[in-house]
Amino acid sequence: MNEDLAGVMAFDALYTNNQIQKLKVLLPYIDPAMQKNMAVYIKYMELKYTMELFKKHPFHICAASGETEKPDLKKLCRELKPYSTEAEVKQLEQMESMFQTMEMYQEMNQTMSAMKEMFPDMSGADTDNPSHNSMEDMLMGMLSPEQKAMYEAFSNNQIPL
């Protein structure tokens, strides 16, 4: 089973019962003229079942409302793609890229902070020795031009979209 579809399947399984599932199985065997009416009836039964379930058990639909950790927004984008138009998929991919860049920026900031704490004498440029660059310059030298541009944009609060 595709992991990205597991949530949809779990939701569908939770808000149905065997009687409704049997109707879904029977749908292709019903006279084509009656299939539309049967499909509407199935959806009505699902709605009715869901409403009754909430009356009996007022619980949350998913664990997100009780979670304390941040949601995985890149995963959310991946899970939405199968149900999206081409234009929406492109937007989701842009968002995934932006989230990836934000994560990279946060990791770089943490690394620079840790390096400055570990090597405080390297945190600033040595004015007596111009070849001795700051820790930030050294780390920036390890980045690709694209990563460097993104880091600088985030540092200056000029986030490109």
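Contact here means heavy atoms within 4.5 Å. With that in hand, the pairing of helix 4 and helix 5 in this predicted model is a handy place to start. On the helix 4 side, L73, K74, C77, R78 and L80 do the touching, and they meet L92, M95, E96, F99, Q100 and E103 of helix 5. Sorted by class, this contact brings together six nonpolar residues, four charged ones and one polar one.

As for geometry, helix 4 covers residues 73–80 and helix 5 covers residues 86–118. The two pack at an angle of about 165°, and their axes lie 9 Å apart. Since angles over 145 degrees count as roughly antiparallel, that angle makes helix 4 roughly antiparallel to helix 5. The crossing of helix 4 past helix 5 is left-handed.

Zooming out, the fold is easy to sum up: the protein has seven helices and zero strands. Read from the N terminus, the elements simply go α-α-α-α-α-α-α. Of the 161 residues in the protein, 18% count as buried. Looking at contacts between residues at least 6 apart in sequence, 48% of them join residues at least 24 apart.

Now for the buried parts. In soluble globular proteins, nonpolar side chains tend to be buried together. In this model, the largest nonpolar core has seven residues: M104, Y105, M108, M112, M140, L143 and Y151. Helix 5 supplies the largest share of this core, with four residues. M140, one of the core residues, is worth a closer look. Once its neighbours within four places in sequence are set aside, M140 is in contact with M108, M112 and Y151, and also with K148 and E152. A second core, separate from the one just described, has five residues, among them I20, L23, M38 and M45.

Helix 3, which spans residues 32–56, is home to Q35. Is Q35 buried, partly exposed or exposed? Its relative accessibility is 26%, so Q35 counts as partly exposed; the cut-off for buried is under 20%, and exposed begins over 50%. With neighbours within four places in sequence left out, the contacts of Q35 are L27, P28 and I30.

Note on methods: Residues numbered from 1 in each chain as written. Predicted model: local features only at pLDDT ≥ 70, side-chain atom pairs only at ≥ 80, totals over all residues. Heavy atoms only, no water. Axes fitted to C-alpha atoms, helices over the stretch in contact; angles between N-to-C directions. Parallel < 35°, antiparallel > 145°, perpendicular 65-115°, else oblique. Left-handed = near helix turned anticlockwise from the far one by under 90°. Nonpolar A, V, L, I, M, F, W, Y, C, P; charged D, E, K, R; others polar. Core = buried A, V, L, I, M, F, W, Y, C linked by side-chain atoms within 4.5 Å. Buried < 20%, exposed > 50% of the residue type's maximum accessible area, 1.4 Å probe, protein only.
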